[in-house]
Amino acid sequence: MSSEQALNAAVLRSDRFRLEREADWIRLEDIVTKMEKGKARRLSDDDVLALPTLYRTLLSSLSIARENSLDAGLIDYLEGLALRSYFMVYGTQSSFGRWLSSFFGGGWSRAVRAIQFDIWVALLVMIAGAVIGYILVAGDSDWFYALVPGNFMDARVPGASEEALRGTLFGAQDEGGLAVFSAFLFSNNAQVALLAFALGFAFAIPSILLLIHNMALLGAMLWVFAQRGLTVDFVGWLSIHGTTELFAILLAGAAGIHVGRSIAFPGVKSHLKAASDAGKRAALVMAGVIVMLICAGLLEGFGRQLINNTAARFGVGGGMLLLWLVYFIGFGRERRGPDA
Amino acid sequence: MSGSKAVEPWIRHSANPKLDRIMVTPEGVALNVTIAAAGARAGALLLDLVIIQLISILVALLCQALAVLFVMGGAAFSDSDGPMGLITIVYFITNFLLLNGYFIFFELGHKSATWGKRAVGIRVASRDGSRLTAEAIIARNIVRTVELFLPLSFLGSVEAGGSLVDLTAWAGLLWVLMFMLFPLFNRDRLRGGDVIAGTWVIQNVKKNLGDIVAPSAATTAPDGVAPTARYQFSDADLSVYGEYELQTLENVLRSDQDDALEKVATSICQKIGWEPGSGDERIFLEAYYTALRARLERSMRFGRRRKDKFSAEE
């Protein structure tokens, strides 16, 4: 019996409704199944173009069927297919390349600008942390041992001679294995940054503590070098990768604070809505933080050991800082776009 | 969408009604979804961790094999600028990518699910029905660092031995438990990452389009009459049942088992006062189903629905 005959013979109006449309449903199911199996590339252009239309037709079929048909099996099928095709039509943007280009082409810098307030807070916290570290160690050098973990304490301890300290800054350190070193530094720093962000979950307090602790370590170290008049050289040594790395940690901390602040003070939104809005914005910033930490790892592993004078180190560090600032402040601005 | 949601007849009531939710698509059509149960989530995570561990071991073995090859080829073992250094870098980066990238990579795909999630039939979706963005996937998986990997590394370092052994171990354990049990304390089974990312994890559905329930009503016998036409039901015969009974009958017809058909045919005959025949149950039931459905659908079109045999006809 041909489908035409079946249609005419169908006794129930709701069965006729189904027979008129099932070819489209089956086509849609076929497309969706292929996409789910990762064979989207094998779809014909016609099928790709038809997907949104078929999906909307299916939704309207479902709405009609709910009001007109008592065929529970049919409604279940439509319901399931609607959900599956919804995921295809509104799925994640499948092309990773496209996401990447939108990310670098403005998505990242916009996200950074959107959390401006939190960046200032994080910056304040970091400066405060460094100052606290410096003052504590200046008051009582025993604090140094409390602040700085053992593996950083080689020659860099309070009371070390100028030569010893200078050695750590410019010394002919074993240049072998720089690449390994930078890879190690990267995965280490990246975990710390991820932590600073993720801890924001608990109302941002752990993120702030983490920032203070890390910066207090830096402040303590700074005091040790300042005692021997090596402040400028130390800052130079630090700046070559530090401008990038500290900036990345600043952003990670700010992202954490942003999420924590939104959970604590959601404003007119619900707590959950505020948390997820902030979380998505912060996640973009975090993806960028990873990129920055890769740069920092390379600079630290190679640049710092290979460039052995303070002026050049300041040059590279300052250049990197300028580059980041120009990118974050100037890039991807929408012409009079809504920036809220 | 009018009226209170509780009375909309299309809302699904599954085995565990606590996990039933409504998700409204951007087109404004509400769809039934089912939240993934906590057990399914835990199972999926366990599977994923095992997979990650296996890959990690594989990479380590591969790196070792390569190292051995290079050493036999004459490379110095301690020369970290040579091939050894390269192997170490590959190892570091692979491990980092594996821990942080595995979940993100698979959840960005069309199935929005890692291998573990696929195996138990669940997927990630956006809670408000909007598009699931890459940012959301990244956010929900970064939080995993704090939820799982950080405390696990605490526990790992404790095993290696240290001064604060007991305290750190207990703190780590408490931490893991806190985050692991978090999904049990909210109705949508959200973990920390889901809260931050605006996502939830729901069950996959896959339903096949069944046949027409009562096909013989539309066929014609050689003599030109539909086989079901032998049975004619009066309005009184059809007014005894509602939608619930209709759907029960639909299930019986779809599963097509002789003893069930016979039992149902007998009980319907008793109800409407017919003499149960035998040998022709399927045709009888299809005829009754078609007539009952036609009647219920007709009044449905006028906005009158009858839930089951106990509810009054309007």
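Modeller: The expected span of a helix is 1.5 Å times one less than its number of residues. Please keep in mind that we are looking at a predicted model.

Colleague: Thanks! What span should helix α3 of chain A have, and what is found between its end C-alpha atoms?

Modeller: Helix α3(A) takes in residues 45-68, which is 24 residues, so at 1.5 Å a residue it should span 34 Å. Its end C-alpha atoms are 34 Å apart, which agrees with the expected value.

Colleague: Where does α3(A) bend, and by how much?

Modeller: At A:L51, by about 40 degrees. That figure is the angle between axes fitted to the seven residues ending at a residue and the seven starting there. A proline, A:P52, follows within four residues of the bend.

Colleague: Which residues of α3(A) are buried, and what covers them?

Modeller: A:L51, where the helix bends, is one of them, along with A:L54, A:Y55, A:L58, A:L59, A:S61, A:L62 and A:A65. The cover includes α2 (13-36) and α4 (72-89) of chain A. As for the spacing, an α-helix has 3.6 residues a turn, so residues three or four places apart point the same way.

Colleague: Now another helix. Why does A:L124 count as buried or exposed?

Modeller: A residue is exposed if 12 or fewer other C-beta atoms lie within 10 Å of its own. A:L124 has 12 C-beta neighbours inside 10 Å, so this leucine counts as exposed. A:L124 belongs to helix α6 of chain A, residues 116-139. From A:L124 to A:A216 is 92 residues in sequence and 13 Å in space, C-alpha to C-alpha.

Colleague: And over the whole of chain A, how many residues count as buried?

Modeller: The share is 42% of its 340 residues. Chain A comes to 13 helices and 0 strands. Among its contacts between residues at least 6 apart in sequence, 78% join residues at least 24 apart.

Colleague: How does chain B look by the same kind of count?

Modeller: Chain B has 314 residues, of which 31% count as buried. Its secondary structure is 10 helices and 4 strands, and the run of elements opens with β-β-α. Of its contacts with a separation of 6 or more, 61% are between residues 24 or more positions apart.

Colleague: What makes a set of residues a nonpolar core, and which residues have the most contacts inside the largest one?

Modeller: The members must be buried residues of the nonpolar kinds, such as Leu or Met, joined through C-beta atoms within 7 Å. The largest core has 116 residues, and A:L251 and A:M286 have the most contacts inside it. Helix α11 of chain A, residues 231-264, gives the largest share of this core, 16 residues. Beyond its neighbours within four places in sequence, A:M286 is in contact with A:F197, A:A252 and A:A255, and also with B:I138 and B:I142. A second, separate core has 20 residues, including B:L253 and B:F284.

Colleague: How many residues does each chain bring to the contact?

Modeller: Chain A brings 68 residues and chain B brings 62. On the side of chain B that touches chain A, several elements supply at least two residues each, among them β2 (30-34), α2 (83-107) and α4 (134-159). The largest share there, 11 residues, comes from α4(B). By class, that side has 33 nonpolar, 15 polar and 14 charged residues.

Key:
Residues are numbered from 1 along each chain as its sequence is written. Chains are lettered from A and ligands numbered from 1 in the order in which they are written. This is a predicted model: local features need pLDDT of at least 70, side-chain atom pairs count only at pLDDT 80 or more; totals for chains, interfaces and linings use all residues. Two residues are in contact if their C-beta atoms, placed from the backbone, lie within 7 Å. Ala, Val, Leu, Ile, Met, Phe, Trp, Tyr, Cys and Pro count as nonpolar, Asp, Glu, Lys and Arg as charged, and the others, Gly among them, as polar.
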